[in-house]
Amino acid sequence: PLMAKWLWVMFWVNIASNIIGLFEFAPSLAKFVGVGTLMAALVVCMIYFLFRKEDKRYQTGAILGLITVVLNGLETLVLAPNGADGWVTFLNIIAAIVGLLMTYNLYYAHHQIVGEADRQVGERWLKLWKWKIYAVAALIGSIVVALIIPVLGVLVALAAAVFALVVSVYELVILYRSAKAYRAVVEGEGNAA
C-alpha cells in the first residue's frame, strides 16, 4: 500500500516539475522555476525516505537527493543571481556527480522492489539506468566536441538534449507503470480478502 500510494504521488510531482521546467528559459520566471523545481525535488526525496523500509538504497538515494537539492538551491538562489559563474559551474559538476549516485541507488532499488510486483517493469529500471549514463556521456561529449569544433558541438549538444528528453519521458512512463503495478497488487489483495 505504501508503494502503491506514494508512487502515484511521485509520478504527479514529476509531471508538475517538468511543466515548471518548461519555463526555465523565461528570465522573468527564473526564480519561480528554480524554487518550484527545488520544492518538487524535496517532495520526491521525502517520498523516497518513506520507502527506506523497503530497501536501504531508497534512504541512500534520498540523502543524496537532499544534498543535490541543497547544491542546486545554493546555485539557483544565491550564486547565479550574484554572477558567481565559476562557483555555479563547480556546484553544477558536484550536483551532477551526486545526482548520478542518487539515480543509481534509486533505480536499483526500484529494480528490486518494483520487480516484485512486475518483473518486466523492474527490468526497465535497469535499462533506464544505462540510458541515463548514455545521456550524460552524450552531454559531456557535446561539450568536448564544442571545444574542438563549435558548429558541430552545437549539433551534438542538440542531439544529446533531445536524447536526454526522451530518457526523461521514458522515466515518467516507467514510473507510471510502476505505480500501476503496485496498485494492481494492492487491489488484488483487497479482492482476495
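The exercises below work through helices, salt bridges and a surface patch in a predicted model.

**Exercise 1.** Check whether the end-to-end span of helix H5 agrees with its number of residues.

Solution. Helix H5 covers residues 119-148. The expected span is 1.5 Å times one less than the number of residues. For the 30 residues of H5 this gives 44 Å, and the end C-alpha atoms are 44 Å apart, so the two agree. At the N-terminal end, Asp-118 caps H5, with a side-chain oxygen 3.1 Å from the backbone nitrogen of Gln-120.

**Exercise 2.** Find the salt bridges in the structure and state how buried or exposed each partner is.

Solution. The whole structure holds two salt bridges. One joins the side chains of Asp-55 and Arg-57, at 3.0 Å from N to O. Buried means under 20% relative accessible area. Asp-55 has 12% relative accessibility and therefore counts as buried, whereas Arg-57, at 27%, is partly exposed.

The other joins Glu-171 and Lys-132, at 3.4 Å from N to O. This pair links distant parts of the chain, with Glu-171 in helix H6 and Lys-132 in helix H5, 39 residues apart. Lys-132 is buried at 18%, while Glu-171 is partly exposed at 22%.

**Exercise 3.** Locate the nonpolar patch on the surface and name the helices that supply it.

Solution. The patch consists of Ile-140, Ile-143, Val-144, Leu-147, Ile-148, Ile-149, Leu-152 and Leu-155. Together these residues have about 820 Å² of accessible area. Helices H5 and H6 each supply at least two of the residues. H5 gives the largest share, five residues, and Ile-140 is found in H5.

Terms used
Residues are numbered from 1 along each chain as its sequence is written. This is a predicted model: local features need pLDDT of at least 70, side-chain atom pairs count only at pLDDT 80 or more; totals for chains, interfaces and linings use all residues. Side-chain values use heavy atoms; hydrogens and water are left out. Patches are made of residues with over 30% relative accessible area and no salt bridge: like charges are joined within 9 Å, nonpolar side chains (Val, Leu, Ile, Met, Phe, Trp, Tyr) within 5 Å. Accessible areas come from the Shrake-Rupley method with a 1.4 Å probe; for residues, only the protein chains shown count as cover. A salt bridge is a side-chain nitrogen of Lys or Arg within 4 Å of a carboxyl oxygen of Asp or Glu. Helices (H or I, at least four residues) and strands (E, at least two) are DSSP runs, numbered from the N terminus. A polar contact is a pair of N or O atoms within 3.5 Å; within protein, one must be able to donate a hydrogen and the other to accept it, and residues adjacent in sequence count only if both atoms are side-chain atoms. Buried means under 20% relative accessible area, exposed over 50%, partly exposed in between (1.4 Å probe, protein chains only).
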